[in-house]
Amino acid sequence: MKTHSVKPNEVTRKWYIIDASTASFGRISTEAARLLLGKDKPHFSHHIDCGDYVIVINSDKLVATGAKLDKKMYYSHSGYPGALKEMTLGEKMKKDSTQVIHHAVRGMLPDNKLRAERLARLKIYPGEEHPHDPQKPINLSKKAGS
């Protein structure tokens with residue numbers, strides 16, 4: 001038997017919707033990364049982008065367990081001496097809650113040429129409304145404890 005390798009034009013993409021207010025921050029991020037990679041598909045291949053589209057809604061109501069809102073830190077440095085900036089998760093959520101999820105999912109994707117393409121299929125919205133109803137997204141509901 002020969003091994004079948006799927007071609008890029010044979011990939012079919014589905015749309016999934018994840019509500020960020022129903023599960024913890026890490027569970028939302030890992031589920032989104034898994035769907036963007038296409039790891040749940042039988043024809044998954046590392047060198048071909050076979051992932052799906054992911055819509056994350058309610059990023060403003062993101063659930064952070066423990067003391068992460070006060071203790072989880074984000075750092076950025078411009079390269080100049082003394083230019084290290086730090087923000088807590090709570091501060092970053094007040095500034096732009098969509099960037100928190102984007103940053104987490106980006107870190108879970110492999111660092112290669114396909115990462116930008118995969119991240120372009122990640123759509124994050126702070127509220128309930130999104131313009132992707134014509135695509136008929138499949139609702140993935142997660143419980144807060146699972």
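Where is Lys136 found? Lys136 sits in the loop between β5 (122-124) and β6 (138-140). The model behind these views is predicted. The legends below start with the whole protein and then move to single sites.

**Figure 1. The whole protein combines five helices with six strands.**
Follow the chain along its sequence and the order of elements is β-α-β-α-β-β-α-α-α-β-β. Along the principal axes, the C-alpha atoms fill a box of roughly 60 × 35 × 30 Å. The protein has 146 residues, and 40% of them count as buried. Its exposed surface comes to about 9200 Å². Carbon and sulfur atoms supply 53% of that surface. Now take the contacts between residues at least 6 apart in sequence: 68% of these join residues at least 24 apart.

**Figure 2. Trp15 and Tyr53 form the one aromatic pair of the structure.**
A pair of aromatic rings is described by the distance of the centres and the angle of the planes. Here the ring centres of Trp15 and Tyr53 are 4.2 Å apart, and the planes meet at 5°. The angle is under 30 degrees, so the pair counts as stacked. Trp15 belongs to strand β1 (residues 15-19), and Tyr53 belongs to strand β2 (residues 53-57). The pair therefore ties together parts that are 38 residues apart in sequence. Is Trp15 buried or exposed? Trp15 counts as buried, because its relative accessibility is 14% and the cut-off for buried is under 20%. Tyr53 has 24% relative accessibility and counts as partly exposed.

**Figure 3. Strands β3 and β4 pair in the antiparallel sense.**
Strand β3 covers residues 73-77, and strand β4 covers residues 84-88. Five bridges join the two strands. Which residue of β4 is the bridge partner of Tyr74? The partner is Met87. β3 and β4 form a hairpin with six residues between the strands. In this hairpin, Gly79 takes a positive phi near 105°.

**Figure 4. Two lysines, Lys72 and Lys92, lie over the ring of Tyr74.**
The charged end of Lys72 sits 5.3 Å from the centre of the Tyr74 ring. Lys92 lies over the face of Tyr74 as well, at 5.2 Å from the ring centre. The Tyr74 seen here is the residue that has Met87 as its bridge partner in β4.

**Figure 5. Arg115 in helix α5 makes a polar contact with Asp111.**
Helix α5 spans residues 115-120. The contact runs from the side chain of Arg115 to the side chain of Asp111, at 2.8 Å. Look next at the residues around Arg115. Leaving aside neighbours within four places in sequence, Arg115 is in contact with Arg106, Leu109 and Pro110. Why does Arg115 count as buried? Its relative accessible area is 12%, and buried means under 20%.

**Figure 6. Arg118 is a buried residue of helix α5.**
The relative accessible area of Arg118 is 1%. Which residues does Arg118 touch, not counting those up to four places away in sequence? They are Leu36, Leu37, His46, Ile48, Asp49, Leu109, Pro110 and Asn112. Leu109 and Pro110 also appear among the contacts of Arg115.

**Figure 7. Asn58 has a positive phi in a loop.**
The phi of Asn58 is about 60°, although this residue is not a glycine. Asn58 lies in the loop between β2 and α2 (68-71). With a relative accessibility of 1%, Asn58 counts as buried.

**Figure 8. Lys136 also has a positive phi, near 50°.**
Lys136 is a residue other than glycine. Return to the loop between β5 and β6 to find this lysine. Is Lys136 buried or exposed? Lys136 is exposed, because its relative accessible area is 68% and exposed means over 50%. Set the two loop residues side by side: Asn58 is buried, whereas Lys136 is exposed.

Notes:
Residues are numbered from 1 along each chain as its sequence is written. This is a predicted model: local features need pLDDT of at least 70, side-chain atom pairs count only at pLDDT 80 or more; totals for chains, interfaces and linings use all residues. Side-chain values use heavy atoms; hydrogens and water are left out. Helices (H or I, at least four residues) and strands (E, at least two) are DSSP runs, numbered from the N terminus. Buried means under 20% relative accessible area, exposed over 50%, partly exposed in between (1.4 Å probe, protein chains only). A polar contact is a pair of N or O atoms within 3.5 Å; within protein, one must be able to donate a hydrogen and the other to accept it, and residues adjacent in sequence count only if both atoms are side-chain atoms. Contact means heavy atoms within 4.5 Å. Rings of Phe, Tyr and Trp (its six-membered ring) pair if their centres lie within 6.5 Å; planes under 30 degrees apart count as stacked, over 60 as edge-to-face and the rest as tilted. A charge sits over a ring if NZ of Lys or CZ of Arg is within 6 Å of the ring centre and within 35 degrees of the ring normal. Accessible areas come from the Shrake-Rupley method with a 1.4 Å probe; for residues, only the protein chains shown count as cover. Two strands pair if DSSP finds at least two bridges between them.
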